[in-house]
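User: I'm new to this one and would like a close look at a single part of it. Here it is, so we can go through it together.
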Amino acid sequence: MTEYRCPGERYAISRAVHLGRLARFYPGCRNCKHRHDTGTLSQRQAKRLSETEHRGHKPALFQTEEVGGGALGTLVPGTAHDLAAALGICLARGLFDPLSPSSGAVRTETHEPAVVVAGDGRPAVAELVAAACKGLRWAGCNVVDLGPASSACLLFAADHLGAAGGLLVGSGQGGPHRVGLKLFGPGSIPFSHDRGLDVVQRQFEQGVDRPTRRFGGLRRFQSEGPYLDLLRPHYHAIRPLRFVLDNACRPVEDYLNQLIGGLACRAVAGSADGTRLSERVVAEEAHFGLHIDDDGERCRAVDERGREVEPGRLLRLIARRLVGGGGESAGTIVVPRDIEWPQVGGGPDPPCTVEVVRSEPTRAAMAAVMRRSEAACGGTPDGRIWYGTAAAPLPDALHTLTHLLALLSRSDRPFSMVLDREAPCG
């Protein structure tokens with residue numbers, strides 16, 4: 001009897017389920033060896049399947065900053081289970097010790113490491129989160145389930161709990177209809193292809209041999225309270241600003257509602273893809289607009305006229321708030337190598353003179369350099385602004401939104417005028 005098994009899944013399915021998935025153009029069918037078994041499907045359906053067979057070239061599973069990153073449905077629970085198990089095995093064996101930002105040769109926990117896990121709140125990723133939790137526990141890890149969380153909130157929780165690693169199932173860099181896994185390691189460092197993801201990839205491709213016979217534990221932790229406590233002090237004396245928020249990360253919206261719930265600020269909802277942000281800002285006569293994606297890591301701002309703010313100017317504006325004139329952090333910022341960015345100094349008194357430290361542009365490298373240099377903030381041209389909090393360095397669009405609200409509450413000057421004064425071009 002023929003066994004039907006979808007690519008990447010660990011269990012067999014019946015022929016009826018196979019035919020049903022073919023009829024619905026299930027993404028995994030494009031790479032299935034049984035895709036030509038159309039059975040009782042109509043000739044019209046069989047023809048359409050044949051015509052679409054060549055479409056959607058399957059991308060590599062491991063990307064630069066994440067795993068997956070394809071359309072919803074392309075990353076199946078079986079693959080999520082094995083990826084999480086590979087991460088757990090690497091954590092249990094201390095394979096990420098050289099990635100730790102500390103200079104000592106101290107090994108990480110090798111027995112029952114704790115791993116924080118979260119999803120982005122979409123119902124479509126719930127099954128993947130459950131599979132990832134099972135894979136980590138199968139590898140002997142103790143799982144801490146955060147529920148829905150942004151990338152920054154997960155990083156904060158990992159540092160707060162002293163976890164050995166983390167895993168986030170979200171939309172990643174692909175947009176609201178995509179799914180990808182972000183992995184984090186010791187020291188709350190995000191993994192990138194050159195630091196961390198390559199280790200997990202080797203273990204995943206070798207196969208996930210179980211390192212322990214003990215199934216890991218599972219508990220839940222509400223991380224949003226301690227995380228939002230970092231931001232609440234900035235929400236005193238916020239004037240009644242109106243802004244358009246194009247948000248592709250649901251937890252960020254929940255966090256924001258808690259922060260401005262008792263204030264006169266008003267967030268006008270936009271589209272998740274941010275395609276008409278400028279038009280909406282002008283139509284709503286808003287003070288500014290912000291598009292947030294990549295699990296709450298990246299943002300793109302426009303001023304009250306609908307003009308996009310260059311990432312370098314936005315970083316310069318935030319850096320002046322954090323470093324110059326009564327700033328709250330050390331006078332260091334981190335920017336990528338070989339990229340021309342505006343000087344952070346200049347503008348009105350008091351002068352803002354800081355040390356600029358260069359880094360590779362990947363998330364793993366930025367996080368390591370941020371922590372090592374104790375930087376106040378950092379940024380990359382793709383819209384990530386990093387913050388050197390008391391916890392782990394966080395690439396956090398909600399932090400950026402918070403600082404924008406505080407900056408624009410200093411006076412009634414429009415955003416464009418604040419930019420020209422605090423972060424002039426050139």
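Let's start with a strand: which residue in E5 stands opposite Val169? And could you then walk me on from there, into whatever surrounds that spot?

Analyst: Opposite Val169 you'll find Leu181 of E5. Keep in mind as we go that this is a predicted model.

Let's stay with E5 for a moment, which covers residues 178-185. The pairing you asked about belongs to strand E4, residues 165-170, which runs antiparallel to E5 with five bridges between them. Strand E1, residues 67-71, pairs with E5 too, again in the antiparallel sense, over four bridges. Leu181 turns up here as well, as the bridge partner of Val67. So how enclosed is the strand? Seven of its eight residues are buried, so E5 is largely enclosed by the rest of the structure.

Follow E5 to Gly185 and you come to another pairing: Gly185 has Ile189 in E6 as its bridge partner. Strand E6 is just residues 189-190, and it pairs with E5 in the antiparallel sense over two bridges. The two strands form a hairpin with three residues between them, and Gly187 of that hairpin has a positive phi near 75°.

From here we can step over to another part of the chain by way of Asp294. Leaving out neighbours within four places in sequence, this aspartate is in contact with Gly172, Gln173, Lys182 and Arg384. Lys182 is the one to spot if you're coming from E5, whose residues are 178-185. With Arg384 there is also a polar contact, 2.5 Å between the two side chains. Is Asp294 buried or exposed? Its relative accessible area is 0%, so it counts as buried.

Where does Asp294 sit? You'll find it in the loop between strand E10 (288-293) and strand E11 (298-302). Its phi is near 55°, a positive value in a residue that isn't glycine. Asp295 lies in the loop between E10 and E11 as well, and has a positive phi too, near 60°, again without being a glycine. At 1% relative accessibility, Asp295 counts as buried.

Now look at the strands flanking that loop. E10 and E11 run antiparallel and are joined by five bridges. One place to see the pairing is Leu290, which stands opposite Ala301 in E11. They belong to an open sheet of four strands, in the order E9-E8-E10-E11, with mixed pairing. At its edges stand E9 (266-269) and E11, each with a single partner strand, so one side of each has no neighbour in the sheet. On average, neighbouring strands here are turned by 25° against each other, direction ignored. A helix also packs on this sheet: H8, residues 250-260, which touches E8 (242-247), E9 and E10. The direction of H8 makes about 155° with that of E8.

Go on past E11 and you meet Asp303, in the loop between E11 and helix H10 (311-323). At 3% relative accessibility, Asp303 is buried. Setting aside residues up to four places away in sequence, Asp303 touches Val281, His287, Phe288, Val309, Phe415 and Ser416. Phe288 is a handy landmark in that list, as E10 spans 288-293.

Before we stop, here are some helices for your bearings. H12 takes in residues 397-408, and 12 of its 12 residues are buried, so the helix is largely enclosed by the rest of the structure. Among the buried ones are His399, Thr400, Thr402 and His403. At the start of H12, a side-chain oxygen of Asp396 comes within 3.0 Å of the backbone nitrogen of Leu398. The length works out, too: at 1.5 Å a residue the helix should span 16 Å, and its end C-alpha atoms are 17 Å apart, which agrees.

Elsewhere, H3 (residues 77-92) and H4 (residues 126-138) cross at roughly 35°, their axes coming within 7 Å. That crossing is right-handed. Residues making the contact include Pro77, Ala80 and His81 of H3, along with Leu128, Ala131 and Trp138 of H4.

Note on methods:
Residues are numbered from 1 along each chain as its sequence is written. This is a predicted model: local features need pLDDT of at least 70, side-chain atom pairs count only at pLDDT 80 or more; totals for chains, interfaces and linings use all residues. Side-chain values use heavy atoms; hydrogens and water are left out. The expected span of a helix is 1.5 Å times one less than its number of residues. Buried means under 20% relative accessible area, exposed over 50%, partly exposed in between (1.4 Å probe, protein chains only). A polar contact is a pair of N or O atoms within 3.5 Å; within protein, one must be able to donate a hydrogen and the other to accept it, and residues adjacent in sequence count only if both atoms are side-chain atoms. Two strands pair if DSSP finds at least two bridges between them. Axes are lines fitted to C-alpha atoms, for helices over the stretch in contact, and angles run from 0 to 180 degrees between N-to-C directions. Contact means heavy atoms within 4.5 Å. A crossing is left-handed if the near helix is turned anticlockwise from the far one by less than a right angle, and right-handed if clockwise.
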